[in-house]
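Work through the exercises below with the structure in view. Try each task before reading its solution.

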Amino acid sequence: MSGFDMIKRAAVALAPAAAVAAVLAAPMAASAQPAPQRQADNRSPREGAAIDLTGNWVAIVNEDWRWRMVTPPKGDFPGIPLTQAGRDAANAWDPATDGSCKAYGVGGLMRMPTRLKIGWEGDNVLKIETDAGVQTRQLMFGRRPEANTPRTLQGFSAAQWERPNLVPAQVAGGIQVGNAFQPPGGSLKVVTTNTTGGWVRKNGVPYSENATITEYYDRFADPTGQEWLTVLTIVDDPVNFNGPFLTSSHFKKEPDASKWRPKPCKP
């Protein structure tokens, strides 16, 4: 687990404790306090973005180096909850197919040592481009895949902003002395289906077209002011996995696209 993940989890763990302390300090006021109401937000996903993910980012490979920076040997897949069908498929991988676009599908793309360009394509579509494998993803807000939509390597990605819970109004002695408010920040949740399947590792470890890929995008600044993007990816595949396969990938903000080096994958 990265330092950023530990900090984030610690913050989440401390929040309930603070809330409990406040209730114990003023139980009568807390019981009289009405539940905060979230006001309707009529802004577009772009205008009302919880966090700004746009810009140029580079992957920082600080874990799983031997599975991400190089192609691991055939049969090297520890840590992945494979079914027997998944193991059989992974063991049947042909090293001659190394570099296949199957490794650059939505289930494995964010684990690549890649650069990202993230920008808005209109008010309701957030676009992600990669120089590794030369892939383009479209994260769709407020839309679902239409019937008979063709399956693709990147599938259909339904996106939504997730925000912190509303902070209740302060109450003292049964009298409201403040207003409920919405804390800044949040995360981007993306659920992808309708894929052709692919590999979660370069050596042919598969996920099927039945897989659902859930991602959470978060942005943080470290003590030096450097901006970071963290992508938690959860691959659920009833065919090849016995349980969810989780990875956490980290990207550092770059000032521009001067280091962009497109390298296509093999069809």
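**Exercise 1. State how much surface the protein chain exposes and how much of it comes from carbon and sulfur atoms.**

Step 1. The protein chain exposes about 14,300 Å² (accessible areas by the Shrake-Rupley method with a 1.4 Å probe; for residues, only the protein chains shown count as cover). Step 2. Carbon and sulfur atoms supply 55% of that area. Step 3. The model is a predicted one: local features need pLDDT of at least 70, side-chain atom pairs count only at pLDDT 80 or more, and totals for chains, interfaces and linings use all residues. Residues are numbered from 1 along each chain as its sequence is written, and side-chain values use heavy atoms, with hydrogens and water left out.

**Exercise 2. Find what share of the residues of the protein chain counts as buried.**

Step 1. Buried means under 20% relative accessible area, exposed over 50%, and partly exposed in between (1.4 Å probe, protein chains only). Step 2. By this rule, 41% of the 267 residues are buried.

**Exercise 3. Describe the barrel and the pairing of its strands.**

Step 1. Count the elements: the protein chain has four helices and 15 strands (DSSP runs numbered from the N terminus; helices are H or I with at least four residues, strands are E with at least two). Step 2. Nine strands form a closed barrel in the order S1-S2-S3-S5-S6-S9-S12-S13-S14, with mixed pairing (two strands pair if DSSP finds at least two bridges between them). Step 3. S2 (residues 115-120) and S3 (residues 125-130) run antiparallel and are joined by five bridges; lysine 117 has glutamate 129 in S3 as its bridge partner. Step 4. S3 and S5 (residues 136-141) are also antiparallel, with five bridges, and isoleucine 128 stands opposite arginine 137 in S5. Step 5. S5 pairs with S6 in the parallel sense over three bridges; here phenylalanine 141 faces alanine 159 in S6.

**Exercise 4. Locate the disulfide and decide whether its cysteines are buried or exposed.**

Step 1. The structure holds one disulfide (a pair of cysteine sulfur atoms within 2.5 Å). Step 2. Cysteine 101 is joined to cysteine 265, with an S to S distance of 1.9 Å. Step 3. The pair links distant parts of the chain, 164 residues apart: cysteine 101 is in the loop between helix H4 (84-91) and S2, and cysteine 265 is in the segment after strand S15 (263-264). Step 4. Cysteine 101 counts as buried because its relative accessibility is 16%. Cysteine 265 is buried because its relative accessible area is 13%.
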